[in-house]
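Let's take a walk through this structure together, one region at a time. Keep the 3D view open as you read.

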Amino acid sequence: DMGFDHWFQMEPDVTPIQAFWGVELLRYAATNPHCRYWWQSGSNALYKNEVDFSENLDRYLDMHLNGNAMYCLASPAYADFRERVQRFYPPGGCWVPPHGMLDGFDHAMYRFRIAKENRQYMNGLFSRFRVVDLILNYGIEAYDPAEVLGRQPAAFFVHSRVPFGVRGELARRKEDVAKLTDTVRTAFYSELGRLPAEEETAPFLKAIWDGRLTTVSLVSCVLRQLLRLASLSIPGLTFEVPSVEQEEDSACRQDLVSAVFSSKEFAGIFIVFLLVHQVAPNLKELSGLNHPGLPLSEEEAVVGLRSGSLSLSRFAERLCALNRFPVGKTTGLQSICLSVYILTGSFKDSCGKDLKYDPQQDTLTGTCNNAEGGTTFSELRQVGFACQTPPGNGDGKLFCDRVGNFEDVPSEEKMGRLSGSQAGYARSYRRVFANTDLSGRELVPAQQPAALPKPGQYRVWCADFHAAPIGCNIPLFEDIGVSVEARIDYGNCKHHHTKLGDDLCSEKGKKEIKVLRFDNKRGYGLDPCPSLLREQFFEAYSDSFDLNSMDFFICSHPVANCELYIPFGRPIIIYATTRLEFGRHDQNIDWRSQDLSEESPKRFQEWVRNLQALAKDPRNIVAANNAYDAAYIEYFTGIKALYIPSWCGGDASSPELIGAYAYQPKRMRVLIIPYRTNLEFYPEDIPSHGWPDHSKRNSQTPYGHPILKELADVMRGGSAPEGLVFASIHWEYGHEFSSPAVFKDHPAVVFLPYQFSTMSFFEAYRQSVPMLVPSRELLLKWVSKYGLMWERVYGDPARPRDLPRSPLPNPNSFDSATVAAWLDTHDFFQGDRFPHLLHFSSWEHAIQLLQSTDLAQVGLQMHLHNQREYVRQRHEWQQALVKARAWADASRGAGRRPGVLDRGHQSPANVSFALHSLYGLPPLPPDPKPGCAALREEWERGGAPKVKRKKGPDKCHA
C-alpha cells in the first residue's frame, strides 16, 4: 500500500556483519523485477532447535525459511499464496504437537508448501522460496563474524540472540520448555478442568523460568488465589475454593499472585481472561474468525497493558464494546465485560461519569441515569451464549439469569468429563443457546421448558429402505430420551450410527428383520403380494418381544409402509421425506414399473384413507421434513402435516455444534454438490411428461450439460478472478467421498438441486459452510429451458374428490408454471429455517458473490443459526410426542420397566380384526397378482411359522 515492491524483515536480534548492507539490499532487490524470480529469500535454521531436542518431531518440520528475510510484494500470485496460507492455518491453527511449538507465520508458510493437500498448487512454485547467504539464521548459537565471512563472503546479516545476552545455555533450557508448559497445563487441568490458552500460560512460564514458582501445587495455589480475588471483586460470583486459612500448604497462604503479575491491574485483567476462557470460546478462537468487528487483537491487548500504552479502562471499553463481538449480541462475554467495568471502576454513564455499583441493591447509579431507583445489573446482562453455574447451584444463574427460554444443553469438556476433586468448579461448566437471532427477534414463543426424559426412556422402531431419514434425527431423538431401534435393509445403513456406535443395519442374528426385505427394490411397495406380506409381518411380530417392546414406530422411506404398523396399536410417526405415493402409485419411477399394476391407483387411495384415519388419533404424528411434502400431504389428504426439517448435524455435546466456529478452508476450489445432480441427463433426454431413460446415467457426463457448460464459458470469458476454481464433488473426491464434513475444507459450496428437497441439502447446511443456491428466477429458467428437477414428480395419483378445492395446481405436472406455483415450498426459500443462503441469478452473479461476500461471516451466522435450530427442533419433537409419550407411560403401568410386555399380553387375532377395532378400517383386500393365491395357500398350510392364538373373529370379517 505504501508503494514498495520489496521488504526486508530485520528484527532487533538481526546484526549486520558487513558495511554497506543497505546498498546490498537495494542491489539484491533490483535483480528481482516484478517478483520474477523469487518471493522470499532467506535462511534455514543453522542451529539446533526444537526438532533436535524432541524425539516426537521430524527434522523436515523445521526446514523453513526464517521470517527475517527479503520479501517481494509486487506479485498478486504471492498475495494469493499468503491468503491461502491464512486460510489453511488461521490464527492459532498452525502448531506442531505435542507442545505447540513452531507456530510462527514463517513455519506456517513452509508447512503449507509441503502439505500433501497443496501439492498440485505448489508445482512450479517451490523455486520462489530461496535459501541465500544474504542473511544467516543462527538462532541461539554463538558465531564469529570473521569465520562466517570466511565461509560465506556474500553474508551481510546474522540472526542470533547471543549478542543480546542469550547464551548457549538457552539451548539446554529450551529442552525444559515442554516440562514447564506441562506444569502449567497440569495445574489448570486440576483446578479448572481444562487446558490453558496460550495467553494464560505465558505469565506462569515466566515465573517458573525465573524460579518464583517451582511446582504444580504452587501454580494451583495462584489459580485458587485468583478465583478468590474474582469472588471478592465481582458481585454474585463465588467459587468453591478453600479459604486462605484452609490451605494445607503454608506457601499457599502467602501472596503468590504478585510473584506472577507485576501489577494489580495486570492480575485483574488476567482474572477476566480466565473467566472468559472458562465460559466461552477463547480469544484466540474468536480472533481466528478474522472478523473486522473485533476491535482489538489479543496481542495488542497484552502488549499494550504491559507497556502502559493502553489503560485497563481503555482495554475494557474496546474489548467489551456492545455488538462488536463476532458471535453477535447474544454472548456471555458481555456479562463478563460488565464485571470488568465494575472490577476496574471504569463503567461510565452517558455523561462520562463513573457509575457506582451497589451490591446490596444490585444497581448501577450515575448522574445521567434517568431510570428511577437506578439500573439493575441484571437488566444489563444479555442473553448468554455460554454460561457457568457455580457448584451446588443448579439454577444456571451466574452470568445468565435471564438466558433464553429453553433448558441448558450440557456439553462435554474439550478434554472429556472429569471426576472427583480433579474437576474443581469446572465440573459445572455448561453451554446454553439463545432463544433470539442476532437482531433480537424471538425465534420461538416464550415458554417454560419441559423436563427432558431420561436417556433411553422411550424406544422407536424403524425399518425404512433408506437410513438417512432416521439416521439424521438420531441425535435429536436421543436427546429427548428416545432411543432408535433400526432394522434398515439398505446399503447406506452403515453410514449412520446411534450414540453407542451401532449402525442401523438389519443383520442376521439379533437385528435381522423378519419378513420385510429390500428384495431388489420390491420392499418399497411390499410387493408382489402386499396384503399377504402385511399379514405375515403381523404374524411374525404380534407377540414378539422385539417389536412389542417398542413405544413408537416411525416410517419415512417410503412413508406408505407405515401401513405395516397399524395393527400393532402403538403410536406411529409418519415422517414424509419424499412423495406420498412412493411405493404405491409412482409410475414415473422406471425401476418401480415391474411392480405396478391396475391395482396401483386403488392402493394409493387405500393409503390415503388409512393415513386420514391415523391422523385422527392424537397419539400419531403426521409430519414432513420439508415444506413441499408437508403441502403435498395437505393437497392429497387434507391433513396439515407438521414441518420439522431433518437435523443431520451433531448432538448437543458435539464440538461441531457448540464449539467456536472457525472458517479455515484447506482446498481452495468451490465445490459443486450434491453427489448426484441428474445433470448427466441432457435437455433432449428429458420427456415433456415423465422421467428420462436411466441408461443415460452411465453413458453421459454432467460436464456436457448446458448448465455446467454455461459456467465453463463464464470462467473462460475472463470475468472470474485468478485462482477461482469450481469443482464437482465427483472430480474432487471421486469414490473416496466419505462425509459431508469435507465441505468445511472448501471456501464455499454450490448446491444444484434435482428435487425440491433432498437429505444432502440438510447434511450440507449443517456443516455451516457458505452455500450458493440458484435464485427463484434462475431455477424457473432452468426448469423451463432444461427440464431441471424432473425427479420431483414420482407419479400422478388422483386427488380425492371429497377434499375442498385447493388454491394450488396439481403438483405432478412438469411445466414451469406448476413449479412456479409450488416454488415457495422449496428448501432454498425457507428463510426462517435455512437463512444466510447466497442466492445467485447467474453464474456471473455467483462469482461476484464469492468475491464480495464475507464468507467467514456467512459461515459463522449459519453456525449460530444451527445452534438455535437444534434447540428449536428438539423442542418441536418434544411437543409432537407429548400424547405418544403419555400413551407409552400409561401402557406400561406402575413400576414397569420400559419395553416389558404385561403378563397375559395377547395381540389381536389377525390384521383385519386389528384394523377394524383400532381405526374402523376395512379388512385387507385380496392380492390379485398371479401367484399370490398360491403363496397364501402355502403360508396358511403351514409353509411359514404360525403363532398359536386363542380363537378369535374370522380373518375376513370384523
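Please bear in mind that this is a predicted model. A good place to start is with strand E16, residues 572-576, and strand E17, residues 621-624, which pair in the parallel sense over four bridges. To find this pairing in the view, look for Ile573, whose bridge partner in E17 is Ile621.

Now widen the view around these two strands. They belong to an open sheet of six strands, ordered E14-E13-E15-E16-E17-E18, with parallel pairing. At the edges stand E14 (482-486) and E18 (642-643); each has a single partner strand, so one side of each is left without a neighbour in the sheet. Helix H23, residues 627-637, packs on this sheet, where it touches E16, E17 and E18. The direction of H23 makes about 130° with that of E17.

A second sheet is found at lower residue numbers: an open one of four strands, in the order E1-E4-E3-E5, with mixed pairing. Its edge strands are E1 (6-8) and E5 (129-131), each of which pairs on one side only. On average, and with direction ignored, neighbouring strands here are turned by 15° against each other. Inside this sheet, E3 (residues 40-42) and E4 (residues 70-72) pair in the antiparallel sense over two bridges, and Gln40 has Tyr71 in E4 as its bridge partner. Helix H1, residues 21-30, lies across E1, E3 and E4 and runs at about 35° to E4.

Next, let's turn to empty space. Rolling a probe the size of a water molecule over the atoms shows where such space is left. The second largest pocket has a volume of about 690 Å³. It is lined by 26 residues, and the closest to its centre are Arg669, Val725, Ala727, Trp731 and Glu732. Several elements give two or more residues to this lining: helices H3 (76-88), H5 (119-122), H25 (706-716) and H26 (729-733), along with strand E20 (726-728). Which helix provides the largest share of the lining? That is H25, with four residues. By class, the lining divides into 14 nonpolar, four polar and eight charged residues.

H25 also leads us to our last stop, its packing with helix H28 (residues 776-786). Their axes are 11 Å apart and the angle is about 120°, which makes H25 oblique to H28. Here Pro706, Ile707 and Glu710 of H25 meet Trp782, Lys785 and Tyr786 of H28. This contact has four nonpolar and two charged residues, with no polar ones.

Key. Residues are numbered from 1 along each chain as its sequence is written. This is a predicted model: local features need pLDDT of at least 70, side-chain atom pairs count only at pLDDT 80 or more; totals for chains, interfaces and linings use all residues. Side-chain values use heavy atoms; hydrogens and water are left out. Two strands pair if DSSP finds at least two bridges between them. Contact means heavy atoms within 4.5 Å. Axes are lines fitted to C-alpha atoms, for helices over the stretch in contact, and angles run from 0 to 180 degrees between N-to-C directions. On a 1 Å grid over the protein atoms alone, a cavity is a set of points where a 1.4 Å probe fits but cannot get out, and a pocket is an open set with protein on both sides within 12 Å along at least five of seven lines; lining residues have an atom within 4 Å of a point. Grid points are joined across faces, edges and corners, and a volume is the space filled by probe spheres set on the points. Ala, Val, Leu, Ile, Met, Phe, Trp, Tyr, Cys and Pro count as nonpolar, Asp, Glu, Lys and Arg as charged, and the others, Gly among them, as polar. Angles under 35 degrees count as roughly parallel, over 145 as roughly antiparallel, 65 to 115 as roughly perpendicular and the rest as oblique.
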